[in-house]
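Please examine the model shown below. The questions that follow ask how certain descriptions of it are justified.

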Amino acid sequence: MGGRLKGRVAAVTGASRGLGRATAALLAAEGAIVALLDLKSHWAQAAADEIVAAGGQALGLGCDVSDREALIATLGSVNDQFGRFDVLVNNAMWNVYEPLADIRPESLDRMIGVGFSGVIWGMQAAAPLMAASGGGSIVNIASVSAFLGIPNGIAYCGVKAGVTGLTRAAAAELGSVNIRVNAVAPSTVDTEGVRRVVSEDRIAKRVDQTPLGRLGSTDDIAKAVRYLACEDSDFVTGQVLTVDGGLATALS
Ligand SMILES: NC(=O)c1ccc[n+]([C@@H]2O[C@H](COP(=O)([O-])OP(=O)(O)OC[C@H]3O[C@@H](n4cnc5c(N)ncnc54)[C@H](O)[C@@H]3O)[C@@H](O)[C@H]2O)c1
């Protein structure tokens with residue numbers, strides 16, 4: 001266990017699996033008390049139980065990030081329970097790839113609600129708590145899709161590009177209360193979810209296009225979030241840290 005976040009209180013949204021789960025585990029391993037938020041409290045609690053079994057401090061909470069009031073109440077309860085609030089990782093996303101002609105209002109609304117509005121609601125809920133704690137760090141999970149054109153990904157690319165823009169604006173606004181706001185932009189990460197929906201051929205092509213010759217791992221992303229969450233990055237704000245093995249650079 002490291003101690004870079006000892007005494008800090010953090011929340012990670014969409015934390016019951018994938019990148020969010022790995023990030024929550026790494027922040028806890030650095031000494032943070034971590035609230036794992038997900039749509040169902042028992043999903044989040046199962047992930048939190050694993051962290052506790054490994055010696056960390058964690059709790060699982062049910063919260064739909066597209067519900068502003070629920071997010072304000074949930075982060076407020078974390079702050080009340082532990083007496084401070086320092087780190088928020090806006091990771092939750094709901095996504096479907098659809099060609100332009102097939103984009104449905106309900107899928108677009110949900111993607112924007114979770115992946116864009118949910119990030120703003122998270123920052124809105126967290127900022128006053130962090131300011132009262134003397135400052136904090138917000139890390140928004142974007143994607144290289146914010147910079148690249150992905151076929152059938154108009155909505156996803158648009159939402160993630162939006163996340164990079166709101167990150168810079170929030171950094172400019174919240175610096176005066178010592179809150180840093182940054183984003184991490186991963187390329188394809190090797191998760192069960194990705195393996196389920198992306199064909200072997202496409203994964204092989206992505207590996208081929210990546211100078212470092214592999215997909216990212218959930219740990220690669222968690223380590224980037226840890227850097228932005230802790231004091232190692234305490235003069236860094238408004239940045240989008242691309243974690244992609246060189247993919248976007250090589251393609252540009
Ligand atoms: N996996 C990748 O290859 C990859 C690449 C680039 C960026 N990203 C981004 O990283 C983040 C995590 O990706 P992942 O692959 O681990 O995702 P995932 O789909 O495996 O997990 C997302 C989590 O968010 C939760 N969630 C969905 N809607 C929610 C809501 N309304 N409220 C609360 N929680 C909700 C889900 O239940 C799930 O636990 C996302 O923002 C994604 O866009 C992922």
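**Two helices and their surroundings**

In this predicted model, helix H1 and helix H8 (residues 218-229) pack with their axes 8 Å apart, at an angle of about 50°.

Q: Why are H1 and H8 called oblique to each other?
A: Angles under 35 degrees count as roughly parallel, those over 145 as roughly antiparallel, and 65 to 115 as roughly perpendicular, while the rest are oblique. The angle of about 50° between H1 and H8 belongs to the rest, and the two helices are therefore oblique. H1 passes H8 in a right-handed crossing.

Q: What makes H1 and H8 helices in contact, and which residues meet?
A: Residues count as in contact if their C-beta atoms, placed from the backbone, lie within 7 Å. On the side of H1, Gly18, Leu19, Ala22, Thr23, Leu26 and Leu27 take part; they meet residues of H8 including Thr218, Ile221, Val225 and Ala229. By class, this contact has eight nonpolar, three polar and three charged residues.

Q: Which residues come nearest to the ligand, and which helix gives the most to the shell around it?
A: Of the 25 residues around the ligand, Gly14, Gly18, Ala92, Met93 and Ser143 come nearest. Two or more residues of the shell come from each of helix H1 (18-29) and helix H6 (192-197). H1 gives the most, with three residues.

Q: How do you know that the radius of gyration of the protein agrees with that of a compact globule?
A: A compact globule of 252 residues would have a radius of gyration near 18 Å; the protein has 17 Å, so the value agrees.

How values were computed. Residues numbered from 1 in each chain as written. Predicted model: local features only at pLDDT ≥ 70, side-chain atom pairs only at ≥ 80, totals over all residues. Near = placed C-beta within 6 Å. Helix = DSSP H or I, 4+ residues; strand = E, 2+ residues; numbered from the N terminus. Axes fitted to C-alpha atoms, helices over the stretch in contact; angles between N-to-C directions. Left-handed = near helix turned anticlockwise from the far one by under 90°. Contact = placed C-beta atoms within 7 Å. Nonpolar A, V, L, I, M, F, W, Y, C, P; charged D, E, K, R; others polar. Rg over C-alpha atoms; globule rule 2.2 N^0.38 Å.
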